[in-house]
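Q: I am new to this structure and would like a close look at a single part of it. Could you take one strand, show how it sits in its sheet, and then describe what surrounds that sheet?

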Amino acid sequence: MRVDLITREYPPNVYGGAGVHVANLASVLRQFLDVRVRAFGAPEAGLGVSGYADPPDLAGANPALRTLGVDLAMAGDCEGADVVHSHTWYANLAGHVGGLLYGIPHVITAHSLEPRRPWKAEQLGGGYAVSSWAERSAYEGAAAVIAVSEGMRRDILACYPWMPPDRVHVIHNGIDLAGWKRDEDPAAVAALGIDPDRPSVVFVGRITRQKGLPYLLRAAERLPEDVQVVLCAGAPDTPEIAAEVTEGVRRLAERRAGVVWIERMLPRDLLCRVLSAATVFACPSVYEPLGIVNLEAMACEVAVVGTATGGIPEVVVDGVTGRLVPIEQLADGTGTPLDPDAFVADLASALCEVVADPLRAREMGRAGRRRAEEAFSWDAVAATTVDLYRSVAGRVG
């Protein structure tokens, strides 16, 4: 069986969880199937990997239009596949059109949903309406949709209520347990400006509304004075969110010492060392379908404090592998807390609780590693995904 994986992100062009997911999925699926990867830009050269540049005629056009131009080129190359499997709205239309063009079933993995990210209008302008149309059209024609969590499945059925529930399947994200593991290296973290002998709260993620970084910056003001705040945060979505975070970091650094902001993307081995030096990992997201980053921290044996939203409660076990922070959110799709001050206070309280007891934090970290090993292996993800492919092969949704 030949499966074409259609994606915006693929190494070395990985910006978020979807790119991590596709890279690992392609690797494990190759044990069972003929896998072709079609990715934006110039991916790593390899067997069955093709890259697609923006069409020259669309240079300077709205980013959404450039995306659709790439999608059409990808769709044209899907001939001969038994299943086409797309990831995120950037690639959904390629899978949809390729499926229609060649009569092959289209499978979607839902890493996020455009109706749950209305702030993207800041980034794309009218392109947000285009991205929303592309995603909705692809879902209408999909033979199957994979939700990365039960929370994401609920969101899919709420955003697209015409979707037959039996067409939406939950397959959790996996974690590369060999690549993500505890690696204590005091000298390496010290070279980044982190004191390995002081407790630290670590955040890793893009600077985007959904990650909730401004709430963490406010909560961090309430941490004990000896606790460092380490922000591995870059690639802002818009100048507005970049300015907001920059100002928040400036204010925090004025009030306390030990604020370390690493704006570049760290290689995995170095990020493992930063995580291994952490007392607690913070995930203040207001929208998170699952949160691979939490699994990465857990694999490095770090306690996780995360928002009780989306798929995070399916990963973090409250009181066992970390703490869940309660949140009541607006129903407008933004994920904005109904009471931002209460959310910040609860986030600060959970972080303070964990950093106050380092021995308990280490127990939570070790429990997190065990949970990652038992529930989120890529072998299990691959087996379930192959079964789904076989169930849709030969029919079009």
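A: What follows starts from strand S4 and its sheet and then moves outward to the rest of the chain.

The model is a predicted one, and the strand chosen here, S4, covers residues 83-87. Five of the five residues of S4 are buried, so the strand is largely enclosed by the rest of the structure. Val83, His85 and His87 point one way from S4, while Val84 and Ser86 point the other way, and all of them are buried.

S4 belongs to an open sheet of seven strands, whose order is S3-S2-S1-S4-S5-S6-S7 and whose pairing is parallel. The edges of this sheet are taken by strand S3 (49-52) and strand S7 (168-170); each has a single partner strand, so one side of each is left without a neighbour in the sheet. Neighbouring strands here are turned by 20° against each other on average, direction ignored.

On one side, S4 pairs with strand S1 (residues 2-7) in the parallel sense over five bridges, and within this pairing threonine 7 stands opposite histidine 87 of S4. S4 also pairs with strand S5 (residues 106-110), again in the parallel sense, over four bridges, with histidine 85 standing opposite valine 107 in S5. To get from S4 to S5 the chain passes through helix H3 (residues 89-102), and this β-α-β crossover is right-handed. Further along the sheet, strand S6 (residues 144-147) and S7 run parallel and are joined by three bridges, where alanine 147 stands opposite valine 170 in S7.

The neighbouring strand S1 also contains arginine 2, a residue that deserves a look of its own. Its relative accessible area is 11%, and because buried means under 20%, arginine 2 counts as buried. A polar atom of the arginine 2 side chain lies 3.1 Å from the backbone oxygen of glutamate 79. Not counting residues up to four places away in sequence, arginine 2 touches a set of residues including Asp34, Arg36, Arg38, Glu79 and also Val83, the last of which is one of the buried residues of S4.

Helices lie across this sheet as well. Helix H2 (residues 63-76) lies across S1, strand S2 (34-40) and S3, running at about 155° to S2, whereas helix H6 (residues 150-159) lies across S5, S6 and S7, at about 165° to S7.

Beyond this sheet there is an open sheet of six strands in the order S10-S9-S8-S11-S12-S13, with parallel pairing. Its edge strands are S10 (259-262) and S13 (322-325), each of which pairs on one side only. Strand S9 (residues 228-234) and S10 pair in the parallel sense over four bridges, and the bridge partner of cysteine 232 in S10 is isoleucine 262. Helix H11 (residues 292-299) packs on this six-stranded sheet, touching S8, S11 and S12, and its direction makes about 175° with that of S11. Helix H12 (residues 340-355) packs on the sheet too, touching S8, S11, S12 and S13, with its direction at about 170° to that of S13.

One pair of helices completes the picture. The axes of helix H1 (residues 17-29) and helix H14 (residues 378-392) come within 9 Å and cross at roughly 75°, and H1 and H14 are therefore roughly perpendicular to each other. In this contact His21, Asn24, Leu25, Val28 and Leu29 of H1 meet Trp378, Val381, Ala382, Thr385, Val386 and Tyr389 of H14.

Technical notes
Residues numbered from 1 in each chain as written. Predicted model: local features only at pLDDT ≥ 70, side-chain atom pairs only at ≥ 80, totals over all residues. Heavy atoms only, no water. Pairing = 2+ DSSP bridges. Helix = DSSP H or I, 4+ residues; strand = E, 2+ residues; numbered from the N terminus. Contact = heavy atoms within 4.5 Å. Axes fitted to C-alpha atoms, helices over the stretch in contact; angles between N-to-C directions. Buried < 20%, exposed > 50% of the residue type's maximum accessible area, 1.4 Å probe, protein only. Right-handed = clockwise from strand over helix to strand, strands pointing away. Polar contact = N/O pair within 3.5 Å; in protein donor to acceptor, adjacent residues only side chain to side chain. Parallel < 35°, antiparallel > 145°, perpendicular 65-115°, else oblique.
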